[in-house]
Amino acid sequence: MPIGLGIVGYGGFGAFTADVYARMDEVRIVALTDTDANRLAEGAQRYQARAYPDLEHLLQDPEVELVAISTPPWLHVPQALAAVEAGKHVFLEKPLATTLEDADRLLKRVREQGVRLSVDYVLRRIPIYRTLQKLIKSRLLGDIAFLRLENVASNEALHANHWFWDRARSGGIFIEHGVHFFDLGNQLCGVRPETVTAYARNAVDGRQDRVLSAVSYENGVLASFYHAFDRPAILEQTVLRVGLDQGNVTVYGWIPEQMDVRGVLPEEQRGALATLLGTDLNVLNLPAPEGITGATAGQVVEATLTSTQRTADYQEAIRLGMADLVRSILDPHYTPEVTLEDAYDSFRLAYLSQRSLETGQSLSF
Ligand SMILES: NC(=O)c1ccc[n+]([C@@H]2O[C@H](COP(=O)([O-])OP(=O)(O)OC[C@H]3O[C@@H](n4cnc5c(N)ncnc54)[C@H](O)[C@@H]3O)[C@@H](O)[C@H]2O)c1
């Protein structure tokens, strides 16, 4: 019997995710609420679900066992808390919260109530990022040394009064958006962050549109996360560069379309790398670089992975997140892929990045 799902917030992303949930066997959309009456009517009709004027009424529906919250960030904690108090499980859109106190309060009540809550961190479930994670774990190209994210995005759909720019409501770029990449960075580094130092530049109208967070991890990995919402969509670009002791990886696209791997490894390990990447390796014979004393000739292996189905990858990541939460609801012994601790740490790194901007100080994690 599928779990009864109530959708809270049927805006841009709420609608995108609802289409994914509607195709799942594990859940059944039974109810919706949105403060926009037109959106609510449209969603209720599309999924043949009950339309409620507010969350309070939706939570009284006994068939709603799980709620998916896709409202803007400042509503996440109050709405998730109401759902938890009503004994419902929660699939929460990022960010977990906009303040640390709120995040603490919510997690405390989730544990006390014995319900399940997960945050929709999609990036860790995108196939190219999963392969990158496997590559790092395999240590075939050595340990991870650094991570550098350059994420420059469009501001065209974000008019000056959009909640996105209001840090009291969105939390700011690190919290509302960067948290995706902090979550990915934490996964790839495999340990907790140690210190955080952030910088920003504000546009002339005061919008904080370019931010950079420099993070050191417990295993010595140095990472930088740059985000900007300052250009036309046709110039959007996301590049993630991961340095390994014996190579480097470059991933293009925030839902990636390409990953380039390049490194040095003994001939007998090349088969393992090709299997892990699922593609043939190109072997280059490189002469010794000129003018560097002691430099030697050598072989470098290269591979390129591509994905031509970004939307399908995105939808599948959402499906996997919801399916994992349902599994953890049905099996109390199952540890979900996104634990409460993970969800909290990714948010905390985003929050401390924003605090570092506000205080001008480096902060310990
Ligand atoms: N995981 C991802 O990849 C991803 C991608 C995009 C957005 N998001 C997140 O999804 C959330 C929503 O973003 P969006 O772009 O869809 O925003 P949006 O503004 O398009 O939609 C928000 C919806 O919530 C409704 N709403 C507002 N107050 C409400 C209330 N009190 N009760 C019920 N409904 C209410 C609005 O009417 C609107 O329909 C944000 O937290 C955002 O960060 C996540």
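Modeller: Two strands count as paired when DSSP finds at least two bridges between them. That rule runs through what follows. The model is predicted.

Biologist: What makes β7 and β10 a pair?

Modeller: Strand β7 covers residues 144-154 and strand β10 covers residues 222-231. Nine bridges link them. At least two are needed, so β7 and β10 pair. Their sense is parallel. Within β10, A223 stands opposite L147.

Biologist: How do you know that β7 also pairs with β11, and in which sense?

Modeller: Eight bridges join β7 to β11, residues 237-244. The threshold is at least two, so this is a pair as well. The sense here is antiparallel. L147 has V242 as its bridge partner in β11. V152 stands opposite Q237 in β11.

Biologist: Why is the pairing in the sheet that holds β7 called mixed?

Modeller: The order is β14-β15-β13-β12-β11-β7-β10-β9-β8-β16, an open sheet of 10 strands with mixed pairing. Strands of a sheet can pair either parallel or antiparallel. Both kinds occur around β7: β10 is parallel to β7, and β11 is antiparallel to β7.

Biologist: What makes β14 and β16 edge strands?

Modeller: β14 (282-286) and β16 (363-364) each have a single partner strand, so one side of each lacks a neighbour in the sheet. Helix α11 (residues 340-359) packs on this sheet. It touches β8 (193-202), β9 (208-217) and β16, and its direction makes about 55° with that of β8.

Biologist: Which strands make up the parallel sheet, and why are β3 and β6 its edges?

Modeller: The order is β3-β2-β1-β4-β5-β6, an open sheet of six strands. β3 (50-52) and β6 (117-119) each have a single partner strand, so each has one side without a neighbour in the sheet. On average, neighbouring strands are turned by 25° against each other, direction ignored. Within it, four bridges join β4 (residues 66-69) to β5 (residues 89-92). A68 has F91 as its bridge partner in β5. Helix α1 (residues 12-22) lies across β1, β2, β4 and β5, at about 150° to β2.

Biologist: How do you know that the length of α6 fits a helix?

Modeller: Helix α6 has 12 residues, 127-138. At 1.5 Å a residue the expected span is 16 Å, and the end C-alpha atoms are 16 Å apart, so the two agree. Just after α6, R139 takes a positive phi of about 60°.

Biologist: Why are some residues of α6 called buried, and which are they?

Modeller: Buried means under 20% relative accessible area. I128, Y129, T131, L132, Q133, L135 and I136 meet that cut-off.

Biologist: What makes a nonpolar core, and how many residues has the largest one?

Modeller: Its members are buried nonpolar-class residues joined through side-chain atoms within 4.5 Å. The largest such set has 115 residues. Y21, L96, L106, L240 and M322 have the most contacts inside it. L96 touches, among others, H76, V77, L106, Y344 and F347. In soluble globular proteins, nonpolar side chains tend to be buried together.

Biologist: Which domains does UniProt list?

Modeller: An unreviewed UniProt entry gives "Gfo/Idh/MocA-like oxidoreductase N-terminal" for residues 4-121. That span is 43% helix and 22% strand. It also gives "GFO/IDH/MocA-like oxidoreductase" for residues 129-230. That span is 30% helix and 39% strand, with end C-alpha atoms 26 Å apart.

Terms used:
Residues are numbered from 1 along each chain as its sequence is written. This is a predicted model: local features need pLDDT of at least 70, side-chain atom pairs count only at pLDDT 80 or more; totals for chains, interfaces and linings use all residues. Side-chain values use heavy atoms; hydrogens and water are left out. Buried means under 20% relative accessible area, exposed over 50%, partly exposed in between (1.4 Å probe, protein chains only). Contact means heavy atoms within 4.5 Å. Axes are lines fitted to C-alpha atoms, for helices over the stretch in contact, and angles run from 0 to 180 degrees between N-to-C directions. The expected span of a helix is 1.5 Å times one less than its number of residues. UniProt positions are given in the numbering used here, feature names are shortened, and annotations may be inferred rather than shown by experiment. Lists of a residue's contacts leave out its neighbours within four places in sequence.
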